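Visitor: Please take a close look at one part of this structure, a place where two helices from two chains meet. What can be said about it?

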Amino acid sequence: MFYREAGQFKATYAADQAVFPIRQDRIGLALILVAAYVAVPLLGGDFLLSSVMIPFLILSLAAIALNILTGYAGLVSLGTAGFMGAGAYAAYKLSTLFPQVNILVWIVVSGFASCAIGVLFGLPSLRIKGFYLTVATLASQFFLQWCFVRVSWLYNYNPSGAIEVPARALFGLAITGPSASPVTRYLIVLTIVVAMTWFASNLVHGRIGRSWMAIRDMDIAAQLIGIRLYPAKLLAFAVSSFYAGVAGAMMVFLWLGAAEPDAFNINLSFLLLFMVIIGGLGSLTGSFFGAALIHILPIAVRQAPASVGLTIGGATVEHLTYVITGAMIIVFLIVEPHGLARLLQIGKQKLRTWPFPY
Amino acid sequence: MNPLYQIFVDPFVQMAGAPDLFAQTIWEGFVGGMLYALIALGYVLIFKASGVFNFAQGIMMVFAALTLVGLHEMGVHAYIALLLTLGVMYLLAVGVERAVLRPLVNQPDIILFMATFGLTYLLIGAGELVFGGNPKTMIAKELGLPSGGIDFNILGGLVSLQRIDIAAAVIASILVAGLAAFFQYTRVGRALRAVADDHQAALSVGISLNEIWVVVWFAAGVVALATGVMWGARSNVSFALQIVALKALPVLILGGFTSVPGAIVGGLVVGIGEKLGEFYWGPLLGGGIESWLAYVIALAFLLFRPHGLFGEKIIERI
Amino acid sequence: MTNANLRLILGAATALGLGAATQTFAQDSIYVPLLTYRTGPYAGSGIPIADGMRDYLTMLNERDGGIGGVRIDIEECETGYDTKKGLECYEQVKPKKPVVMNPWSTGLTLSIIPKASVDKIPILSMAYGLSAAARGNVFPWVFNPPATYWDGFSQMLEYIANKEGGGVEKLKGKKIGYIYLDAGFGREPLPLIEQLSKDFGFTPTLYPVAGTDMQNQSAQWLNVRRDRPDYMIMFGWGALNPTAIKEAVKINYPMDKFVSIWWVGEDDVKAAGDGAKGFRELNWHAVGAEFPALKDIQTRVVEKGKSQSPKEKVGSNLYNRGLYNGMLIAEAIVNAQKVTGRKVVNGEDVRRGLESLNVDEARLKQIGLEGFSGPVKLTCADHNGHFPTYVQRWDGEKFVKDSDWIKPMSAKVDPLLEADAKSYAEKNAPWPARTEACDNKS
């Protein structure tokens with residue numbers, strides 16, 4: 001009744017091709033943005049901002065990175081964490097070599113470093129396909145992690161072997177380091193994530209995105225209709241690792257505050273892949289859902305006993321968290337194998353025909 | 001020294017100079033490779049029969065070993081604990097089939113892959129909840145596994161073979177031979193091969209997919225238990241052991257996801273290759289290159305044979 | 001299900017109503033969060049450490065009604081040794097005004113070091129974390145007694161020199177193997193090794209073990225067999241330790257020449273069987289439960305079912321490590337109460353308490369830990385103390401003391417530490433200069 005496009009006429013092709021053709025969708029998106037920009041910082045405490053929202057947004061961006069590669073171009077990758085690390089170390093090197101340039105510039109620029117490495121490891125992608133390609137990305141994951149440990153130049157020869165985040169400011173407002181308030185960091189992360197999501201959305205809805213999807217669905221057919229496979233696949237690697245690099249740089253600079261090489265281990269790569277699958281392959285919204293489920297669900301489960309006054313030992317809670325999260329993943333998959341994004345679509349469709357479904 | 005010399009000549013000079021060490025390296029690689037092959041075998045079994053890339057294989061290995069040791073700690077005799085663990089693995093196979101595979105039948109591979117990740121979480125949580133998270137010592141002695149080493153004074157030096165490693169190799173061979181015979185000569189085995197070839201055709205001639213899945217997951221569970229015992233005896237039984245299972249991935253890539261001989265040959269290539277690489281070429285890079293060497297070996301093979309050594313070549317059509 | 005877990009769940013059920021009540025009285029108690037890792041790949045060392053810390057503080061609550069009459073509000077937060085979860089814990093406990101943080105993870109320590117001065121919560125990273133944090137003038141909020149990894153390494157060298165007949169000149173021409181976890185922790189001594197090998201004339205051979213290959217070390221030990229180092233030094237962690245000891249036994253490496261840093265537990269050695277007899281490890285506190293304080297823990301905590309630790313683990317190496325950490329927390333609070341004259345202290349008070357910490361032999365006797373460890377005295381400039389450690393030997397059943405107390409080679413280590421602290425402050429410029437007043441100028 002409230003959610004339908006009746007009466008909304010499209011007079012131009014541009015309007016017809018819009019990402020959100022229905023007015024209610026646009027209003028909904030605007031409401032979400034307002035909530036994210038105004039309500040969350042105003043109402044949320046430090047814990048919500050710095051342990052829930054900031055990680056959630058950064059992981060969402062990393063999930064988008066992987067979704068571009070896996071969901072749109074159909075190349076399953078287990079090297080995302082390595083590319084994130086490449087971005088993080090690049091941002092660290094750049095910001096310590098040129099401290100006068102604003103850190104935000106370096107966070108975005110570091111994406112290009114990770115982009116170059118991504119393309120390098122994407123080179124075998126023409127010859128190797130499917131799960132076999134995954135091993136190429138695994139090789140990159142382990143090799144990069146080894147580099148983060150071994151190449152002391154990357155971490156400025158710190159004896160601790162870790163990268164630390166220097167305090168930096170923008171217009172006199174601390175944005176990294178200890179005195180940066182969670183609200184500032186949250187707003188910066190939010191802005192970068194929103195901007196990059198908007199860009200990705202335009203990319204995947206345009207010619208490039210369509211050529212990726214054609215390759216994903218059947219690469220020989222895509223080749224026959226004139227898509228050049230190799231450049232398109234390499235571009236997918238490039239864009240994906242750019243996004244991953246920025247996410248990695250934000251992870252260290254705006255979330256963790258210092259990072260050992262182990263922060264970019266294989267588990268993170270797996271987690272990101274699972275976020276993408278459970279959120280919905282080939283869906284940007286799905287990346288957010290997936291990140292929410294995999295990151296926020298365990299936190300919620302951990303907080304649950306305390307909030308009802310139960311005092312269970314930390315370890316037991318942790319074990320139960322594992323059991324419950326695992327069970328939830330299986331249940332979600334059985335209920336909706338195509339990811340949470342599909343649930344949203346179904347919900348929308350139901351709303352559209354409500355209250356008369358036939 | 002000339003780096004080219006260091007890479008291409010010096011390691012071989014070393015090999016020739018100390019043949020005992022060379023033999024020892026090959027042996028260590030062989031044992032490690034055998035165990036990698038066993039882990040990979042678990043993946044291959046399940047992949048063949050149900051098309052699922054079972055992420056939980058590593059954790060099944062830990063879970064099986066943990067159940068065995070945990071039951072023994074509760075005062076159960078080692079052999080009875082072994083039988084009980086087999087029972088637990090069977091129940092797990094039935095549970096997986098009922099709760100995960102059956103509702104998800106006919107879904108894309110990647111969804112089933114994801115479901116096994118859920119299973120991994122479940123098993124980690126359940127395992128730690130029941131048996132506690134502290135590492136345990138494998139009850140190798142109680143299980144009648146030998147200990148100590150046999151030293152051979154050959155090749156101008158000493159080659160020392162650990163009895164437990166020999167036992168591991170023997171058990172691995174028996175398992176592989178047993179599984180091969182099972183597939184080749186029994187009714188269930190034939191049905192299993194039929195399922196691996198074509199699900200729908202198998203269904204249409206009256207083979208119950210559900211039963212086959214239970215059998216296959218149980219077989220993978222048995223393999224997991226054997227690997228868990230062997231790796232556990234080499235270090236200890238803890239959840240850190242699941243990292244080892246990742247080494248099976250390059251093995252799978254090398255051997256192909258669907259080939260049992262591939263898993264064995266791949267395991268040996270990776271095992272021996274990484275030991276030789278670490279021992280003779282590792283020092284050039286400061287050592288510790290084993291973590292990625294296996295993947296690079298696999299990658300190098302892949303560039304020449306994109307479907308693995310024994311993988312089936314897929315003919316692409318529109 | 002283990003009994004401990006069962007008890008916990010039963011206890012949780014009965015505590016359902018009480019939980020809310022204790023929360024409201026938080027004002028008259030001192031809140032001490034314990035960041036623990038009872039789960040995950042390193043749980044093996046995490047569990048006894050967590051038990052030791054918790055049991056000591058619980059014992060104070062049970063026996064003395066807390067510290068200075070104020071109950072300690074102990075809360076565990078599970079990190080799984082994962083920096084991300086650890087940060088989550090940090091944010092979670094921060095609003096409850098913790099008086100001291102024990103990160104029990106090097107990665108997490110590095111993450112929260114810059115936050116400490118802003119959030120006014122001192123960090124007690126006992127012999128782990130950032131070695132340079134020993135410089136109190138640069139890191140007024142971070143404490144890492146009683147020794148750094150660099151101290152530890154130099155103490156092991158000293159021990160080796162003593163075994164060879166005394167004097168560092170005996171190290172000349174020796175080949176010393178170093179097997180380590182290829183991560184920040186294991187790589188930390190590398191610059192020291194480089195310098196000391198030049199100064200003393202020994203040849204180091206390095207055997208890094210990648211974190212993913214901890215259970216798979218046969219290549220490293222083959223290298224050891226080839227190189228035949230005179231001594232082996234190990235900086236291991238988690239599954240690296242038992243695997244390394246097993247492999248060493250396998251190649252018949254003489255155990256009395258195999259020395260490890262202080263993170264090896266009994267279970268790690270036991271796994272290797274009889275061959276591990278003679279294995280050496282650095283330590284700074286006693287092993288065993290023959291101390292009045294530990295007996296109090298047995299009777300008042302463990303036997304009452306208030307501990308998660310099995311009875312026989314009380315007094316084990318890593319349990320006592322945790323207990324020592326608990327003792328430092330308690331003594332810092334006692335001292336803070338003394339310095340400020342307040343009973344309910346906050347983070348700033350405890351920072352002052354830690355800075356003037358002085359647990360001498362008389363005090364150790366008073367708290368029922370006579371002979372448990374050497375005295376600890378911290379100053380404003382030195383937040384570590386660089387205290388002597390000793391070497392213990394595995395006799396097949398338990399660890400026994402094998403050497404006298406060994407002082408670190410401070411002359412060699414201090415310049416490195418100083419340079420590192422300086423470079424940390426430079427790299428993290430603008431690093432806040434110390435503004436906190438000093439209580440004991442001595």
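Guide: In this predicted model, helix α3 of chain B (residues 19-50) and helix α9 of chain C (residues 218-227) have axes that come within 10 Å and cross at roughly 165°. Angles over 145 degrees count as roughly antiparallel, so α3(B) is roughly antiparallel to α9(C). The crossing of α3(B) with α9(C) is right-handed.

On the chain B side of this contact, the residues in α3(B) are L21(B), Q24(B), T25(B), E28(B) and G32(B). They meet S218(C), L222(C), R225(C) and R226(C) in α9(C). By kind, the residues of this contact are 2 nonpolar, 4 polar and 3 charged.

The helix pair can be set beside the contact between the two chains. There, 36 residues of chain B are in contact with 37 residues of chain C. Several helices of chain B each supply at least two residues to the side that touches chain C, among them α3, α6 (109-131) and α10 (209-234). Of the side of chain B that touches chain C, α3(B) gives the most, with 5 residues. That side of chain B divides into 12 nonpolar, 18 polar and 6 charged residues.

Elsewhere in chain C is strand β9 (residues 280-283), with both faces covered. R280(C) and L282(C) are buried on one side, and E281(C) and N283(C) are buried on the other. Strand β8 (residues 258-260) of chain C pairs with β9(C) in the parallel sense over 2 bridges, and V259(C) has R280(C) as its bridge partner in β9(C). With strand β12 (residues 390-394) of chain C, β9(C) pairs in the antiparallel sense over 4 bridges; the bridge partner of E281(C) in β12(C) is Q392(C).

Key: Residues numbered from 1 in each chain as written. Chains lettered and ligands numbered in written order. Predicted model: local features only at pLDDT ≥ 70, side-chain atom pairs only at ≥ 80, totals over all residues. Axes fitted to C-alpha atoms, helices over the stretch in contact; angles between N-to-C directions. Parallel < 35°, antiparallel > 145°, perpendicular 65-115°, else oblique. Left-handed = near helix turned anticlockwise from the far one by under 90°. Contact = placed C-beta atoms within 7 Å. Nonpolar A, V, L, I, M, F, W, Y, C, P; charged D, E, K, R; others polar. Buried ≥ 20, exposed ≤ 12 C-beta atoms within 10 Å, placed from the backbone. Pairing = 2+ DSSP bridges.
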